[in-house]
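Trainee: Please walk me slowly through one stretch of this chain and the parts it packs against. I am new to this structure, and I would like each term explained as it comes up.

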Amino acid sequence: MVPHLVTALNGPINELEQRILDSTPAIERWFRLEWMEHTPPFYCSVDIRNAGFKLAPVDTNLYPGGWNNLTPAMLPLAVQSAMAAIEKICPEAKNLLLIPENHTRNTFYLANVAQLQRIFHMAGLNVRIGSVDPDIKEPKTIDLPGGEQITLEPVVRNKRRLGLKNFDPCTILMNNDLSAGAPGILEELHEQYLLPPLHAGWSVRRKSRHFQSYEEVSKRFGKLLGIDPWLINPMFSKCGEVNFAEGQGLDCLQTNADALLSKIRRKYKEYGINEKPFVVVKADNGTYGMGIMTVRDASDLDELNRKTRNKMAVAKDGQPVHDVIIQEGVLTAERMHDAVAEPVVYMMDRYVVGGFYRVHADRGVDENLNAPGSRFVPLAFAESTHLPQPGVKPGASAPNRFYMYGVIGRLAMVAASYELEATDPDAEVY
């Protein structure tokens, strides 16, 4: 049942892994105290890279797709977490409106929407799917690969509420990351719960702000464990006002990439790591593995060819890229059947509900795996994924490895809650 992990099981990550396992009671108490002070995002997924000497999140998605990649064994956990989340927000909830992305042709994405519908239906809600796509003017039923069907209905907005014809929800769950901005139809909804809030969308959100919050979290968590926060935190810097299409602002990019590469070299030297450092340049807002490149030497940026510049110039929904984040690249030591793999952890409310490996046979250990050709291997477990087994050596037990991934995923979720508080336009100031 447990995927065979060909990893550096005898590498120094074992010290980190052992430290995390030995500190389980302190860690769980730390998270409990955090959640007393902060509200977790409604749901999220975190891409994690395990370099063997370092374990860090590289991306946090607050509108996670891919729920269809979780195994049936993980569903009960997801349903329980959905119940807990809804009970906190709207205990009397009866109807839930789910709003997906507008690209309705992608059946894999729609299979994810169907899975979310199933999870919330099992949690005891009437769930219907409403589209904000202006092209959808009447209910549209789509056949999915597994033989299922899904019906998209046009949303109806009256003065104060959003719903469907003959369907008035108390809660609206967005699975649409608002890359092109929030449509007016979603604004000024004061009587219904909109999850996540509008300021979690990519029109407001910035990766650099998220990783700034994560840096703060990793320092406090590092202190708790007595470790160097670098072991769980990717360093980063950012550049605004870059224009790839016209080749402007690339000097800022080069200076920052060079400075970051030097910092990484120093860390590698300190820990005796014989690897070539690299940085990843990506759009500061946006998703879908678009607008990403790996830089191993700052001089590479001198010679950006037209194809690379065009690729970097636009993100999802054709949004132009002007702000970029330059992030320390974290190698991945994980393999599935000789293909490079990275774990993706899924959470709802404050709970880890499961995850899978993103695997790409044609990519290297220092490349972005969220690209066409990647496939998903569920993290299927014979036993629960996040109950560590005391006394069992790290690496010898798969649940222990995944407990560690769950801890890193939840740290990124704490960072996301800080980030959402900082950007909340309606925050109460005390």
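Mentor: Leu178 has a relative accessible area of 2%, and therefore counts as buried, a word used here for residues under 20% relative accessible area, with exposed meaning over 50% and partly exposed anything in between, computed with a 1.4 Å probe on protein chains only. This is a predicted model, in which local features need pLDDT of at least 70 and side-chain atom pairs count only at pLDDT 80 or more, while totals for chains, interfaces and linings use all residues. Residues are numbered from 1 along each chain as its sequence is written, and side-chain values use heavy atoms, with hydrogens and water left out.

Leu178 belongs to the loop between strand S9 (171–175) and S10, where helices (H or I, at least four residues) and strands (E, at least two) are DSSP runs numbered from the N terminus. Its phi is near 55 degrees, which is a positive value in a residue other than glycine. Glu188 lies in the loop between S9 and S10 as well, and although it is not a glycine, its phi is also positive, at about 60 degrees. Unlike the buried Leu178, Glu188 counts as exposed because its relative accessibility is 58%.

Further along comes the loop between strand S10 (193–195) and H5, which holds Pro196. The peptide bond that joins Leu195 to Pro196 is cis, with omega at about -25 degrees. The charged end of Lys207 sits over the ring of Trp202, 5.5 Å from the centre of that ring; the rule is that NZ of Lys or CZ of Arg must be within 6 Å of the ring centre and within 35 degrees of the ring normal.

The next part to look at is helix H5. Two packed helices are described by the angle between their axes and by the distance between those axes. Helix H5 (residues 207–225) packs with helix H2 (residues 24–37) at an angle of about 145 degrees, and the two axes are 11 Å apart. Such axes are lines fitted to C-alpha atoms, for helices over the stretch in contact, and the angles run from 0 to 180 degrees between N-to-C directions. The crossing of H2 and H5 is right-handed, a term for a near helix turned clockwise from the far one by less than a right angle, whereas an anticlockwise turn is left-handed. On the H2 side the contact is made by Ala26, Ile27, Trp30 and Glu34, and on the H5 side by Val217, Arg220, Phe221, Leu224 and Leu225, contact meaning heavy atoms within 4.5 Å. Sorted by class, this contact has seven nonpolar, no polar and two charged residues; Ala, Val, Leu, Ile, Met, Phe, Trp, Tyr, Cys and Pro count as nonpolar, Asp, Glu, Lys and Arg as charged, and the others, Gly among them, as polar.

Glu34, which lies in helix H2, counts as buried because its relative accessibility is 6%. Leaving aside residues up to four places away in sequence, Glu34 touches Arg220, Val414 and Tyr418.

Aromatic rings also connect these parts, and a search of the whole structure finds 15 aromatic pairs. Rings of Phe, Tyr and Trp (its six-membered ring) pair if their centres lie within 6.5 Å, and planes under 30 degrees apart count as stacked, over 60 as edge-to-face and the rest as tilted. Phe31 and Phe221 make a tilted pair, 6.4 Å centre to centre and with 35 degrees between the planes. This pair links distant parts of the chain, since Phe31 is in helix H2 and Phe221 in helix H5, 190 residues apart. Phe31 is buried at 2% relative accessibility, and Phe221 is buried with a relative accessible area of 0%.

Phe211 and Phe236 have ring centres 6.5 Å apart and planes at 55 degrees, so their pair is tilted. Because Phe211 lies in helix H5 and Phe236 in strand S11 (residues 236–239), the pair ties together parts that are 25 residues apart in sequence. Phe211 is buried, with a relative accessible area of 1%, and Phe236 counts as buried at 17% relative accessibility.

To set this stretch in its wider context, the protein has eight helices and 18 strands, and 56% of its 430 residues count as buried.
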